[in-house]
Protein chains: 2
Amino acid sequence: MKTFLPWSLKIIGNPGRDNVVLSPRQAMQLAIKEAEKGFGFVEPNPPVGCVILDSEYRFLSSGFHAKYGGDHAEVSALKKIKDKSRLKGGHVFITLEPCHHKGKTPPCSLELAKYPIQSLTYGTEEPFTNKKGLNYLCEKGIDIVRSIDFQKELEALVAPFKFATLNKKSFVSLKIASSLDGTTALETGESQWITGESARKHAHFLRARYSAILIGFNTLLKDNPQLNIRVEPFKKKKNKVVILDPEGKSFSFLLQSNLLKVRALEDVIVCCLDKVKKNTLGINQLSLPFTSSHSKSVNIKHRFSLSPLLEILYREEQIQSVLVEGGAFCWSEFLRQKAAQKLYLYMAPKIIGKGLRWSDHFKIGNLSQSINLQSLKIIPIEDDYLLEVSF
Amino acid sequence: MKTFLPWSLKIIGNPGRDNVVLSPRQAMQLAIKEAEKGFGFVEPNPPVGCVILDSEYRFLSSGFHAKYGGDHAEVSALKKIKDKSRLKGGHVFITLEPCHHKGKTPPCSLELAKYPIQSLTYGTEEPFTNKKGLNYLCEKGIDIVRSIDFQKELEALVAPFKFATLNKKSFVSLKIASSLDGTTALETGESQWITGESARKHAHFLRARYSAILIGFNTLLKDNPQLNIRVEPFKKKKNKVVILDPEGKSFSFLLQSNLLKVRALEDVIVCCLDKVKKNTLGINQLSLPFTSSHSKSVNIKHRFSLSPLLEILYREEQIQSVLVEGGAFCWSEFLRQKAAQKLYLYMAPKIIGKGLRWSDHFKIGNLSQSINLQSLKIIPIEDDYLLEVSF
């Protein structure tokens, strides 16, 4: 399978080469790199990577969960080792604890227990396995170690999966592109691509990681976007689109929009307030209640309660994760209602000055109400930057 | 001499150790790291670093220009080599071409020519030496190489020096701290530290690199800052302060301000429009003409022509470089008049939303007038980021 990972870490040296000795830290770093290859292919499973070293910490093999329903990472790595006697006293590194149930494939815990490995180091827990596989392997005499390295990166790998399954609602990331001063367009409304070609291409890889793209109806009417994935190996991947349209203003436009030139009507979900009567156009219409917490707000008619929306999207549409691509009002509502878990901020090294900002509709009364985020990583993409931060 | 370099690159391995073999790229990287140790001590000279390898590219020594009037980097590195016979066939790496004139110290070109070195690799040119030293060494049979590596970093080392001496005016950097969305305070005026303690400490190291700090009179009146350097080894270093005060509104406040609690009155320069009559308070008052290019602007009374100001600061006050620390109106004027060469943007992973922005007073008519910058580097400082970009 072809993989393309513009965001993957470069590892010093070549630890994926036979017999090269790796430290536990390097082994876990490589396992993360392996896991990332699964992004866009394994959902709703989380991506998982595995590295196996022999008793002297020499590299034997690596593997990753490559496809939903396909081999798990451990099995993929084990299969690559022809001479299984080299596993004696070996060390296994997995980004996520091994499964212990028979799903589409056999339990990884049982597969691992077939071999005389000495230790298993895992990156993070999986709430439903609940260490059952680890306990089983421990009883079989294998040393179980929780990695102390790369915890932020390891948690980020499984964050959408964990959040959605635990909270029974979609995981939400905001995707925003702006200048250094936070501007996205001039007050005249003039806007254009702010970031460079590479950053825009990168954003397509990002789309591939999410079950659905969400936009506001104004963005649909104004930009008429396609919102599909225009990079390989994801070009054939179908992503759903969710449109927030409280009053159902986009119905007729939608039917002739670019969105529908590249996807089927059933892959578009339009969310309207429940007073909007059901359309007769065949559009997948989701009715939602008013937001209750701001019932006296001036803008009440435009606002959804996002938490019930995300619950319905998860429960009824199997949408594990949503990428919110705009516009400014939409982003601000997710900020205001604390309904986002992550922010991808593409920043171009430009100054635009006074103009429209992505956070213009988000307003706080005093600075103690600022939203504080945690930095995950920053990636230079040509002249632009991508900041990944979590809420 | 104690040095503290929170921004210096980490070099893989330990290339500053005897006999370790370095590639030319690694040698130049180490020379840059050496050069950076001089920041804050060598001005108005540029910082320079030097690395010397033997004929087999084994590390012999490194050195840097540590103090204005002290040894140049080459001499410092040469002095550390006790057994000079090891220089036979050796390779010298210097971030800047060697000098060829007798100033406070002997010409480095003559010092280098005393030894049978094989090659000299230099990072960038020095406009006044004009390759005289390089030509001299070339005639002595030494191979002269211009480094192809790290050109951005090498130019950044000498940028203030080169700009000021070539243009006969002060080099200008803007220093700004903001949230991810470009906000610096709420509309109510409420503001507080946006970045964390480490980033604010880092900003003191930045101050040490500049001859003067520049602020607008409103920032003086409102924040009453000290603007001194409160980190070692720079605590005793005296930096000048320039205040832009078109109408001379800050005179009486200044005399009792925190600025003067930590520095002498003669180290503060107040720039007023030339219609403002000379104060009798002993304040160092600089009279400047109106800006001519915007003579019909509404705000004409508040605006200076910055280019003549920067020429006077360089010529009459020996200010090679200026760090503009605010406020928003001040930053915007430097942006509008294209009078800045560099921007240090400290960004906290916070979202503040609608509020006052650092670029609010900078306004363009269409997006083609956006200011495009070049990324130099991005440095994570605890949870914050520092973006270094050049205009």
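**Sheet, helix and chain pairing in a predicted two-chain model**

User: What makes the strands of chain B an open sheet, and in which order do they lie?

Analyst: In this predicted model, chain B holds an open sheet of 5 strands in the order β2-β1-β3-β4-β5, with mixed pairing. Its edges are β2 (59–64) and β5 (143–146) of chain B, each of which pairs on one side only. Neighbouring strands of the sheet are turned against each other by 15° on average, direction ignored.

User: How do you know that β4(B) and β5(B) pair, and in which sense?

Analyst: Two strands count as paired if DSSP finds at least two bridges between them. Strand β4 (residues 119–124) of chain B and β5(B) have 4 bridges, in the parallel sense, so the criterion of at least two is met. Within this region, B:Tyr122 stands opposite B:Arg146 in β5(B). Helix α5 (residues 151–167) of chain B lies across β3 (91–96) and β4 of chain B, at about 65° to β4(B).

User: Why are the buried residues of α4(B) said to be on the same side?

Analyst: The buried residues of helix α4 (residues 132–139) of chain B are B:Gly133, B:Leu134 and B:Leu137. They cover an arc of only 100° around the axis, and therefore lie on the same side of α4(B). To be called buried, a residue needs 20 or more other C-beta atoms within 10 Å of its own. The buried residues of α4(B) pack against α3 (108–113), β4 and β5 of chain B. After α4(B) comes B:Gly141, with a positive phi near 95°.

User: Why is the relation between chain A and chain B called a two-fold axis?

Analyst: A turn of 180° with a shift of 0.0 Å along the axis lays chain A on chain B with an RMSD of 0.1 Å. That is the relation of a two-fold axis. The same surface serves both copies, since 100% of the contact residues of chain A recur in chain B. Of the residues of chain A, A:Gly182 comes closest to the rotation axis, its C-alpha being at 2.4 Å.

User: What makes up the side of chain A that touches chain B?

Analyst: The contact takes 36 residues from chain A and 36 residues from chain B. On the side of chain A, the largest share, 4 residues, comes from β17(A). The residues of this side divide into 18 nonpolar, 10 polar and 8 charged.

User: How do you know that strands of the two chains pair with each other?

Analyst: β16(A) and strand β14 (residues 350–351) of chain B share 2 bridges in the antiparallel sense. The cut-off is at least two bridges, so the two strands count as paired. A:Ile371 stands opposite B:Ile351 in β14(B).

Definitions and conventions. Residues numbered from 1 in each chain as written. Chains lettered and ligands numbered in written order. Predicted model: local features only at pLDDT ≥ 70, side-chain atom pairs only at ≥ 80, totals over all residues. Axes fitted to C-alpha atoms, helices over the stretch in contact; angles between N-to-C directions. Contact = placed C-beta atoms within 7 Å. Least-squares fit on C-alpha atoms with pLDDT ≥ 70 in both. Buried ≥ 20, exposed ≤ 12 C-beta atoms within 10 Å, placed from the backbone. Arc of directions from axis to C-beta. Nonpolar A, V, L, I, M, F, W, Y, C, P; charged D, E, K, R; others polar.
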